[in-house]
Amino acid sequence: MTKKLLPGLYLLLLAVIFSSCSGKVKDYDGNRYSKLRTGNQVWLAENLTVATFRNGERIPEAKSAEEWIRFGREGIPAWCAPGNDSANIIKYGRLYNWYAVNDPRGLAPKGWHIASDEDWTNLINYLGGGVIAAFRMRVTGMEPSGGEGFGFGGLPAGARSADGSFYGIASNGFWWTSTEISENSAYIRMLSYEYCDIRYLNYNKGTGLSVRCVKD
């Protein structure tokens with residue numbers, strides 16, 4: 001009887017050990033994120049929801065369009081809830097302008113960094129590039145069609161333009177890269193649920209987008 005139980009107990013022990021070693025990542029606010037290994041990279045499997053820099057200073061929230069415009073114009077880090085609805089933070093995470101992404105106080109959890117343009121390129125190539133990568137990055141069960149459940153969790157949180165208006169929620173996901181193009185713009189990735197593609201674009205730094213992190 002004992003001998004028959006040993007294999008099961010052994011597997012259970014391994015599962016517990018693996019779980020503790022591969023535990024979730026915690027940000028400054030105590031939010032926890034799952035991890036996803038893709039080739040030689042380890043990504044967070046969810047969008048950032050943190051509202052505090054690593055040094056403990058709060059990131060300003062822009063509730064009104066006027067605040068959002070002013071923060072972008074003055075180069076002040078800021079975040080907002082997708083669609084300006086706090087309930088969406090639980091599902092989609094927060095949207096940040098690029099000044100929060102690039103702030104030296106640190107937006108990413110300790111030991112992690114905001115995904116660069118190169119990080120995104122490596123991920124997309126690992127997943128098969130173009131349409132294949134887009135299909136695998138989308139979330140199963142989302143309209144108009146889901147993905148293959150790869151685990152990236154690319155939810156369509158939409159974006160907030162530099163003029164304060166929201167667009168693309170439930171149809172497109174937008175993510176900043178840490179890679180700057182000019183004084184006013186940086187590279188992004190856009191994941192379309194409508195056309196099943198992932199686009200390589202550059203946006204004004206005052207735009208509000210989702211953020212993903214990669215392990216250092």
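Rings of Phe, Tyr and Trp, the last represented by its six-membered ring, are taken to pair if their centres lie within 6.5 Å. In this predicted model, ring pairs of that kind link Trp 43, Trp 120, Phe 152 and Trp 175 into a cluster. The points below begin with that cluster and then turn to the nonpolar cores, a helix face, charges over rings, the cysteines and one loop residue.

**Aromatic cluster**

- Across the whole structure, a search finds eight aromatic pairs; in one of them, the ring centres of Trp 43 and Trp 120 are 5.0 Å apart and the ring planes stand at 70 degrees, so the pair is edge-to-face.
- This pair links distant parts of the chain, since Trp 43 belongs to strand 4 (residues 41-44) and Trp 120 to helix 5, with their positions 77 residues apart.
- Trp 43 counts as buried because its relative accessibility is 0%, and Trp 120 likewise counts as buried, at 0% relative accessibility.
- Trp 120 also forms an edge-to-face pair with Phe 152, for which the centre-to-centre distance is 5.9 Å and the angle between the planes is 70 degrees.
- Because Trp 120 lies in helix 5 while Phe 152 lies in the loop between helix 6 and strand 8 (159-160), this pair ties together parts that are 32 residues apart in sequence.
- Phe 152 is buried, with a relative accessible area of 0%.

**Nonpolar cores**

- The largest nonpolar core has 30 residues, and those with the most contacts inside it are Leu 48, Tyr 96, Leu 107, Ile 114, Trp 176 and Val 211.
- Strand 4, helix 4, strand 7, strand 10 (172-180) and strand 11 are the elements that give two or more residues to this core.
- A second, separate core has 29 residues, including Ala 78, Trp 120, Ala 134 and Val 139; Trp 120 thus appears in this core as well as in the aromatic cluster.

**The buried face of helix 6**

- In helix 6 (residues 130-137), the buried residues are Ala 133, Ala 134 and Met 137.
- Viewed down the axis of helix 6, these buried residues fall within an arc of 100 degrees, and therefore they line one face of the helix.
- The cover over the buried residues of helix 6 includes helix 5 (117-126), strand 11 (185-192) and strand 12 (197-204).

**Charges over aromatic rings**

- Arg 94 lies over the face of Trp 79, at 4.1 Å from the ring centre.
- Arg 138 lies over the face of Tyr 193, and here the distance from the ring centre is 5.4 Å.

**Cysteines**

- A disulfide is a covalent bond between the sulfur atoms of two cysteines; the structure holds zero disulfides.
- Cys 80 is buried, with a relative accessible area of 0%, and Cys 196, at 15% relative accessibility, also counts as buried because the cut-off for that class is under 20%.

**An exposed proline**

- Pro 104 lies in the loop between helix 4 (98-101) and strand 7 (112-114), and with a relative accessible area of 80% this residue is exposed.
- The C-alpha atoms of Pro 104 and Asn 55 are separated by 9.6 Å, although the two residues are 49 residues apart along the chain.

Technical notes: Residues numbered from 1 in each chain as written. Predicted model: local features only at pLDDT ≥ 70, side-chain atom pairs only at ≥ 80, totals over all residues. Heavy atoms only, no water. Helix = DSSP H or I, 4+ residues; strand = E, 2+ residues; numbered from the N terminus. Buried < 20%, exposed > 50% of the residue type's maximum accessible area, 1.4 Å probe, protein only. Disulfide = S-S within 2.5 Å. Arc of directions from axis to C-beta. Contact = heavy atoms within 4.5 Å. Phe/Tyr/Trp six-rings, centres within 6.5 Å; stacked < 30°, edge-to-face > 60°. Lys NZ or Arg CZ within 6 Å of the ring centre and 35° of its normal. Core = buried A, V, L, I, M, F, W, Y, C linked by side-chain atoms within 4.5 Å.
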